[in-house]
Amino acid sequence: MPELPEVEHVKRGIVPHIVGQQIIDVTFSSKVKDGKESGKETIIKGITLDDFKKYSIGYTIEDVTRRSKYLLFTLKHGSSRRNLISHLGMAGGFFVAREVDDIVIPNYRKHWHVVFQLNNGLKLIYSDIRRFGEIRNVAQLADYASILEIAPEPFSEEAEAHYLSQFTHKKYQKMPIKQMILEHRVIAGCGNIYACEALFDAGINPHTPSNELTMAQRQKVFQSVVKVLEMGIQSGGTSISDYVHADGQRGTMQNNLKVYKQKTCSVCGSDITTAIIGGRNTHYCEHCQQ
Ligand SMILES: [Zn+2]
C-alpha cells in the first residue's frame with residue numbers, strides 16, 4: 001500500500017511532465033463507466049463522469065502537491081479553479097507516458113482507469129490493479145471534509161506539538177501506541193510499514209497503551225516516525241508488493257526494513273514477533289522493544 005514516501009515519489013515523478021500543461025481530453029476505462037452506472041463509484045467519486053470531464057478539459061494543471069497520502073492537483077481555466085484530490089488506495093499509481101502501452105509494468109498497463117490527455121503530447125494515466133483508489137474533482141478542498149481532519153504534515157514545525165496534544169484525548173489514552181500513530185488525525189501519512197519501523201527505532205513495544213509512555217518516549221516515537229519517513233523518501237519508498245514509481249523504477253526502502261515482515265532482529269538475533277493490533281499486522285522485536 002502506498003504510504004507517504006511512496007506518494008511523495010509518485011508526485012516527484014509526474015510533476016516535471018504535467019505542471020503547466022492543459023488537459024485536452026479525459027478517458028475512462030469500462031470498469032469506471034460500469035461502476036458509475038451500477039452506483040459503485042469506481043475510482044471517480046462524488047461527481048458524474050460528464051461533470052468530471054467538464055471540470056477537467058480545458059483546465060491547466062497549475063500545481064501538484066502531496067498532503068499526507070493524498071495527491072492534490074490544482075486546475076485553472078480562466079477564472080475557474082478546480083482541485084483533483086487523489087488517494088492511491090491499495091495499489092494505485094500515476095504514470096506519464098505517450099501511450100498507455102508505454103507503461104513498462106504489465107499490470108499497470110492493463111489496469112489503467114483514467115487517462116488525461118495533455119497538450120504536450122503526453123498522457124497522465126491513473127492505473128489501479130485493485131481499484132481501491134479514488135480521484136475527486138471539487139471546487140475547493142473544503143468540499144472534501146476528510147482532507148481537513150488530517151494532522152499537520154509530519155515534517156512541518158507544528159506537527160510534533162499537535163501529536164503531543166493528542167495524548168490528552170480520552171479515545172487515545174488506552175489505545176496501543178502503534179494504533180494511535182496510524183490515526184491520520186494524530187500523525188499524517190504514517191502507514192503500517194513505517195509505524196512498525198518507527199516503534200522499533202524508538203525501542204518501544206507496539207502494544208504499550210499510549211498513556212503509559214513517558215514524555216521522553218512520546219517525543220522519541222515522533223522523532224522516529226519522521227526519521228523512517230525521511231529514510232523512505234530518500235530511498236524511493238518500499239516495493240514490497242506491487243508499488244512502483246511513476247517511471248517504473250522500484251524503491252529500495254524494503255532493504256532498510258528492520259521488523260516489517262522480517263524473520264529475525266538484526267540487532268539481537270531474536271525472532272520477530274507478529275501480532276494484530278487495531279486490526280493491522282504488526283511486526284516487532286520483543287527483546288529490543290519493551
Ligand atoms: Zn531485537
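## Basis of the report

A residue is called buried when its relative accessible area is under 20%, exposed when the area is over 50%, and partly exposed in between, using a 1.4 Å probe and protein chains only. The structure is a predicted model, in which local features need pLDDT of at least 70 and side-chain atom pairs count only at pLDDT 80 or more, while totals for chains, interfaces and linings use all residues. Residues are numbered from 1 along each chain as its sequence is written, and side-chain values use heavy atoms, with hydrogens and water left out.

## The zinc site

Four sulfur atoms, the SG atoms of C265, C268, C285 and C288, coordinate the zinc ion at 2.2 to 2.4 Å. Donors are N, O and S atoms within 2.8 Å of the metal (3.2 Å for Na, K and Ca); water is not among the atoms, so sites may look incomplete. Along the chain, the donors of the zinc ion follow the spacing C-x2-C-x16-C-x2-C. C268 lies in the loop between α9 and β9 (273–277), and C288 in the segment after β10 (280–284), so this pair ties together parts that are 20 residues apart in sequence. Helices (H or I, at least four residues) and strands (E, at least two) are DSSP runs, numbered from the N terminus.

The angles among the four donor atoms are 98 to 115°, and the site is tetrahedral, a term that requires all angles of four donors to lie between 85 and 135 degrees. The ideal angle for four tetrahedral donors is 109.5 degrees. C268 is partly exposed, with a relative accessible area of 29%, and C288 is partly exposed at 24%.

## Aromatic rings

The structure holds eight aromatic pairs. Rings of Phe, Tyr and Trp (its six-membered ring) pair if their centres lie within 6.5 Å; planes under 30 degrees apart count as stacked, over 60 as edge-to-face and the rest as tilted. Y163 and F222 form a tilted pair, with 5.3 Å between centres and 35° between the planes. This pair links distant parts of the chain, since Y163 is in helix α5 (residues 159–165) and F222 in helix α9 (residues 215–234), 59 residues apart. Both Y163 and F222 are buried.

Ring pairs also link F28, F52 and F116 into a cluster.

## Helix α1

Helix α1 (residues 4–18) has 15 residues. Its buried residues include L4, V7, V10, I14 and I18. Just after α1, G20 takes a positive phi of about 90°.

Technical notes: Four donors count as tetrahedral if all angles lie between 85 and 135 degrees; four count as square planar and six as octahedral if opposite donors are over 155 degrees apart and all others between 65 and 115; anything else is irregular. The expected span of a helix is 1.5 Å times one less than its number of residues.
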